[in-house]
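Take a look at the model below. The questions after it deal with contacts to DNA and between chains.

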There are 2 protein chains.
Amino acid sequence: MNAAPPEEIAFNIAAVERDTGLPKDTLRVWERRYGFPAPARDAHGERQYPPEQVEKLRLIRRLLDHGHRPAKICGASSEELMQLLAQHGRAAGAGEEGGCDTRLLECVCLHRSAELAAGLRQALLKQGLQRFVAETVAPLATAVGEAWLRGELEVSEEHLFSEQVQNLLRSAIGAQAGTGGRPRILLTTLPDEVHVLGLLMAEAMLVPEGASCVSLGTRTPLADIRNAAAGGDFDIVGLSFSIAYPSRQAIDDLLELRASLPPRIALWAGGAAVRDRQRRLPGVRVVGDLDDTLAALREWRSARENAD
Amino acid sequence: MNAAPPEEIAFNIAAVERDTGLPKDTLRVWERRYGFPAPARDAHGERQYPPEQVEKLRLIRRLLDHGHRPAKICGASSEELMQLLAQHGRAAGAGEEGGCDTRLLECVCLHRSAELAAGLRQALLKQGLQRFVAETVAPLATAVGEAWLRGELEVSEEHLFSEQVQNLLRSAIGAQAGTGGRPRILLTTLPDEVHVLGLLMAEAMLVPEGASCVSLGTRTPLADIRNAAAGGDFDIVGLSFSIAYPSRQAIDDLLELRASLPPRIALWAGGAAVRDRQRRLPGVRVVGDLDDTLAALREWRSARENAD
DNA sequence: CATCGGTTTTGTCCACGACAAAATGCCGAA
DNA sequence: TTCGGCATTTTGTCGTGGACAAAACCGATG
């Protein structure tokens with residue numbers, strides 16, 4: 001009959017910011033404006049967020065990434081929010097999830113690390129690197145993202161997936177790293193983008209085509225990208241933007257980088273935040289998906305031949 | 001004679017937070033208390049930090065990580081701060097940097113990515129994985145950290161180093177991943193710790209000894225670590241803490257995790273933030289350095305034999 | 001359909017007070 | 001000496017509410 005919830009587990013505002021990605025200022029102003037979240041207060045008047053509210057904030061955060069507005073959804077119940085998310089899940093799932101290996105997805109959900117690693121390795125051997133990335137990893141990553149969005153995955157499960165894929169891709173890329181092929185491509189993300197899989201997938205598509213890729217990983221400041229690109233004899237700078245990246249900021253950052261980069265260095269951008277934004281990005285090659293990466297490479301090579 | 005600095009390049013408070021890692025609240029309260037930083041204001045009264053002040057804040061940030069107090073150093077000039085940092089560099093350098101491969105360090109500084117990759121690969125082949133990690137990677141990582149601390153490296157150079165080492169270690173670990181050896185070890189870091197090299201180095205030491213390691217990468221919430229460890233038949237949870245991690249918080253977090261973890265699962269912690277803190281961490285095996293990782297493994301195995 | 005202006009929404013910034021948590025310094029006991 | 005408490009200082013984080021720029025939205029016009 002322990003009906004009373006264990007009250008000691010409550011989050012302070014800093015923990016909520018960390019867990020949801022919503023800045024403290026935003027949490028406070030939402031409380032003022034929309035009446036949610038409505039945390040309890042401790043003896044000193046400090047906010048104490050119960051776990052349910054943190055959970056709901058996580059749902060809201062995901063819906064925001066998909067274009068909803070806080071005023072509309074802060075009032076809704078958790079069930080309604082889940083329903084909205086499920087709609088997105090279905091919309092995306094219809095196109096992509098169908099093509100994903102459900103056995104591997106199960107491994108992620110059930111935390112079967114050894115089986116997941118083996119299954120991925122097997123798929124890689126069977127399909128070859130490029131098809132493995134385009135047909136197995138990418139749909140799986142989308143499915144994992146959607147599942148995580150719907151709260152069906154724990155953080156540790158998403159991490160496990162990301163780590164395993166990294167291990168495999170980095171090995172495979174390293175195994176065929178050529179020397180000195182053209183174009184030379186510098187791959188990285190901007191400081192607010194932490195997702196690394198997009199970069200690795202791009203690298204895995206490009207290296208087998210004979211391009212020389214140098215990845216700086218995530219979170220490189222704009223000025224450092226410019227310096228590294230100009231000083232390292234690069235032909236192309238490639239940036240990756242996940243769905244969570246604010247689209248407007250991506251555009252501004254790209255235009256700024258384009259302006260500061262020597263004209264001879266091409267600028268490529270890929271990921272959900274820049275898809276269908278080609279029109280607003282003169283001088284930037286927007287790479288729509290992984291196959292488009294190869295198209296962009298062909299374009300670059302034929303343009304270079306003509307220029308010679 | 002372009003003496004006037006280009007005034008348009010000034011950072012707002014959010015950019016400074018991102019570049020220095022100092023929270024906005026802290027930046028404002030330092031200004032109030034110590035008179036530094038002293039940003040200009042734009043037409044709307046918002047802070048505009050000139051690049052020199054951001055640079056100095058970065059120096060201060062590094063000194064804080066090494067135990068200095070803000071009140072003492074906010075008043076100092078950039079030159080004095082650099083001198084303080086140089087002292088730390090020498091102190092650490094005397095012990096460690098001497099043992100590091102200066103040719104490879106030069107590759108990092110000069111941004112010679114191909115040469116760096118080749119040099120690392122060669123060292124790995126020559127030394128074998130464990131000696132490579134202990135004798136090449138670890139000293140090099142320390143040297144890179146110190147150089148970055150002294151401002152001798154760009155962000156992009158540090159990133160490049162980290163990426164190259166990751167590529168190599170992940171390949172090497174993947175190549176000898178056994179199946180089902182004991183102990184089964186779950187490796188990760190807490191949410192505020194973003195450095196991944198410590199984890200990879202530990203994994204590289206352990207896997208050749210026949211241990212089964214599963215890495216969740218960085219930033220796993222405490223509750224997820226507990227769930228993953230308890231649900232995955234693990235014997236040991238291993239956490240890594242870089243020098244930048246607040247020592248006190250590391251202790252609290254470790255004790256909390258220790259309490260929530262089943263007693264049969266051992267808890268290991270390594271990295272600068274927990275070194276020499278064994279006394280305050282009952283129930284936690286503090287791993288002093290990479291060689292101590294092997295000692296800890298031997299201890300675990302002999303303890304298990306005796307228990308059987 | 002694309003673009004422009006006006007309106008609403010939304011996130012971020014400001015000031016300054018308060019106070020908990022951490023670091024430091026001091027003192028007495030093992 | 002070294003260690004463990006205890007008082008004091010330092011330091012970071014949280015609170016409030018007002019302001020306003022930037023973004024999103026919406027409708028009208030080329």
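A polar contact is a pair of N or O atoms within 3.5 Å; within protein, one must be able to donate a hydrogen and the other to accept it, and residues adjacent in sequence count only if both atoms are side-chain atoms. This is a predicted model: local features need pLDDT of at least 70, side-chain atom pairs count only at pLDDT 80 or more, and totals for chains, interfaces and linings use all residues. Residues are numbered from 1 along each chain as its sequence is written, chains are lettered from A and ligands numbered from 1 in the order written, and side-chain values use heavy atoms, leaving out hydrogens and water.

Q: How far is a polar side-chain atom of Tyr34(A) from a phosphate oxygen of DNA strand C?
A: Of the strand C atoms within 4 Å of the protein, 71% belong to sugar or phosphate. Arg28(B) places a side-chain N or O atom 2.5 Å from a phosphate oxygen. For the polar side-chain atom of Tyr34(A), the distance to a phosphate oxygen is 3.0 Å.

Q: Which residue of chain A meets Glu163(B) in a salt bridge?
A: A salt bridge puts a side-chain nitrogen of Lys or Arg within 4 Å of a carboxyl oxygen of Asp or Glu. Chain B and chain A share 2 salt bridges. In one, at 2.4 Å from N to O, the partner of Glu163(B) is Arg170(A).

Q: How many residue pairs are in polar contact across the interface of chain B and chain A?
A: The pairs counted have both residues at pLDDT 80 or more. Across this interface the number is 14.

Note on methods. A residue is near a molecule or strand if one of its heavy atoms lies within 4 Å of it.
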